[in-house]
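Student: I am new to this structure and would like to slow down over a single part of it. Please choose one place to begin, look at it closely, and then work outwards from there.

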Amino acid sequence: MHVITVEQLGKSYGEKTLFKDVSFGIATGDRFGIIGVNGTGKSTFMRTLAGIDSIETGRIMKGNAIRVQYVAQEPEFEPHATVLETVMSGDAPEMKAVRRYTDILERLRVQPEDEKLQMQLVQASDDMDRLQAWQIESDAKTILSKLGITRYDARVSELSGGQRKRVALAAGLIHPSDLLLLDEPTNHIDNDTVAWLESYLQKRSGALIMITHDRYFLDRVANRMIELDYGRAHFYEANYTRFLELKADREAREASAESTRQNILRQELAWIRRGAKARTTKQKARIDRFEDLQSQGPTQKQGAVEVSAASARLGKKIMELESIGADAGTRQLFRGLDYIAVPHDRIGIIGVNGSGKSTLLQIIAGTRQPDKGSIVLGPTVRIGYFTQEHDEMDESMRVIEYIREAAETVKTAEGHTISAAQMLERFLFNPSMQWTLVGKLSGGEKRRLQLLRLLMTAPNVLLLDEPTNDLDVETLAVLENYLDEFPGVVITVSHDRYFLDRVVDRIWSFENGEIRNHVGNYTEYVEWRAAQGLSALNDQKSAASDKQGNQAHTSTEAAAAKSERKPKLKMSYKEEQDYNQIDGWIADVEAQMERNNAEMEAAFNDSVRLQELMKQQQEAEQKLSDLLERWTELNELAEQIEAAKRS
């Protein structure tokens, strides 16, 4: 079903063009991911589609019956409403029916003999039947629980910013809609909840457009990409990984076309300089052609973030944590953390929200004292602490003043000394933007500015608290490359699975007051848990919030021994057959997906054929996902059987 048509959409901010001449259609089953450097107008683009921001040029066409649901990056709420009231609010007929039925039922409990109310209840019940709304409240509670919100009667004003975002996300998911718009839906939710959200959105009917920095999320959910690049919108029939390939091809074609244009320009310029006169029609046409070529210059690029700041020298003694523990009121967060830092340590911290991850970073940074244990820092340690919030930024300062407050100059990794203004340009803050007030920057631009200020201090121990929140994927890729060369210690809290896989080589998992220490990246840790038969971290949320005063850290080996399962001693006939053939099946499906991609690119202007191919591709993607899951299961079983034979 066709949902929305966008024609020649354009928007600017002052003298800056955010996007222009954007035209495309949205159909049921389309799942778009929006990509672009911070400040290119991604959130503005989405608000315009949602009808919140006005249309400057162009038009958006949709039927009267089409319903659009938008979840903002920083949602606003009625502060006195409860969590459940907030989720069940809105003008959808289903929501109105549920609220009316609930209200009448409450009044009947007070006046059970009121015949008028009884008749109204019958009518409300009929409306619930007609709209199939009986399951909505139950579904809302289920979704809230999956997102880590269990107090349905809590006032929204009492919740943290992250909790409010999750309530808004629950409302967006539960409201019936033909088009769902999500701005950074994975911010403030833990890794297991992100995995649940992926699965939910994959199964959801209707169209989806999302802005997210989570590259695994884009890979697994999106089937189309929109890249906003200096005012232009580029469309790709692909997930994130395929988008990178198609983008590289497009940029290569554009570079080739620009090279051809420059060669022709040089020839035409030489002809004109020889004194050509515009007397004949032929000569006039040639001069016009030259002027047209000149006006067709390449689109100005946004540029790329460059991170090249040096770090201070690090001595032999860096950091020693001895039996560190922390509490939140009467609740124990964690106990018994011992750690001696060495250069090049890369530690990723994971766990459910409220388990104490950020608290540990605060203890290391010295902004909070531990409730148990002690911490000793070496004399050469210079800590750089990248927090989650913008609260500490003085929004009345100019951008360049904010950076100069940290340092006037900085040495690059190559040994050159450059000024604060030059570093700002490397971070895509051009000279005019450098005199902009910090308060006028977008959320992503503020995060990029915070990162620059941190690096200007030349730290040798980096504490990163959710560094991927609000940063665009291009900046994240550059930050990851910088961390590859960083000689000091990196300790990061993150729910971004791609970032953890890319950067860390050790995981600290906060689990019910214990800190489990595992060597390897995030994916290796998840695979290890599955092999040990351990429950998902999501299953521990209620236990993590209720557990009181437990004893400190239990070793990884002891915990693993407790939960170890007996391996299955042999494969069934069906499992053996699948095990021997599954690699070929996977190769066949991947080849089919490659052929589908090629056909989709060729059929971009044939909407009927394109829809058929997209459906085939979605079916192939699901089949591949099922096969890969089966492949993992069979290989783990084979390893267990082999291990049993050796023992």
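**A close look, starting from one pair of strands**

Tutor: Let us begin with strand β10, residues 319-328, which pairs with β13 in the antiparallel sense over 5 bridges. Within this pairing, E320 stands opposite V376 of β13. Please keep in mind throughout that what you see is a predicted model.

The pair belongs to an open sheet of 3 strands, which follow one another in the order β11-β10-β13 with antiparallel pairing. The edges are formed by β11 (331-340) and β13 (372-377), each of which pairs on one side only. Ignoring direction, neighbouring strands of this sheet are turned against each other by 20° on average. Helix α11, made of residues 357-365, packs on this sheet and touches β10, β11 and β13, while its direction makes about 130° with that of β10.

If you now step back along the chain from β10, you come to the loop that runs between α10 (281-295) and β10, and L314 has its place in that loop. Is L314 buried, exposed or partly exposed? Its relative accessible area is 21%, and because buried means under 20%, L314 counts as partly exposed. Leaving aside residues up to four places away in sequence, L314 touches T380, V381, N460 and G488. Another residue to find from here is P343, which is 29 residues from L314 in sequence, with 8.0 Å between their C-alpha atoms.

From there we can turn to strand β17, which covers residues 461-465. How much of β17 is buried? The count is 5 of its 5 residues, so the strand is largely enclosed by the rest of the structure. V461, L463 and D465 point one way from β17, whereas L462 and L464 point the other way, and all of these residues are buried. Strand β14, residues 383-386, runs parallel to β17 and is joined to it by 4 bridges. In this pairing, I383 is the residue that stands opposite V461 of β17. A parallel pairing over 5 bridges also links β17 with strand β18, residues 489-493. One pair to look for in it is L464 with its bridge partner T492 in β18. Between these two strands the chain passes from β17 through helix α15 (residues 473-485) to β18, and this β-α-β crossover is right-handed.

Further along the chain is strand β19, residues 506-511, where S509 is found. With 0% relative accessibility, S509 counts as buried. Its side chain makes a polar contact, at 2.5 Å, with the side chain of E511. S509 can also be placed with respect to Y522, since these residues are 13 positions apart along the chain and their C-alpha atoms are separated by 9.9 Å.

For a second sheet to set beside the one we began with, look at the open sheet of 6 strands, whose order is β5-β6-β7-β3-β8-β9 and whose pairing is mixed. Here β5 (68-71) and β9 (232-236) are the edge strands, each pairing on one side only. From one strand to the next, the twist averages 15°. At one edge, 4 bridges join β5 to strand β6 (residues 179-183), and these two strands run parallel. Y70 stands opposite L181 of β6.

Two residues towards the start of the chain deserve a look for their backbone. Most residues other than glycine have a negative phi. Q8, however, is not a glycine and has a positive phi of about 50°. Q8 lies in strand β1, residues 2-13, and counts as partly exposed at 43% relative accessibility. D21, likewise not a glycine, has a positive phi of about 50°. D21 sits in strand β2, residues 16-27, and with 53% relative accessibility it counts as exposed.

Finally, the whole chain gives these parts their setting, with 21 helices and 20 strands. Of its 647 residues, 47% are buried. Among the contacts with a separation of 6 or more, 69% come from residues 24 or more positions apart. The chain exposes about 32000 Å², of which carbon and sulfur atoms supply 48%.

Definitions and conventions. Residues numbered from 1 in each chain as written. Predicted model: local features only at pLDDT ≥ 70, side-chain atom pairs only at ≥ 80, totals over all residues. Heavy atoms only, no water. Pairing = 2+ DSSP bridges. Axes fitted to C-alpha atoms, helices over the stretch in contact; angles between N-to-C directions. Buried < 20%, exposed > 50% of the residue type's maximum accessible area, 1.4 Å probe, protein only. Right-handed = clockwise from strand over helix to strand, strands pointing away. Polar contact = N/O pair within 3.5 Å; in protein donor to acceptor, adjacent residues only side chain to side chain. Contact = heavy atoms within 4.5 Å. Areas by Shrake-Rupley, 256 points an atom, 1.4 Å probe, with all protein chains shown as cover.
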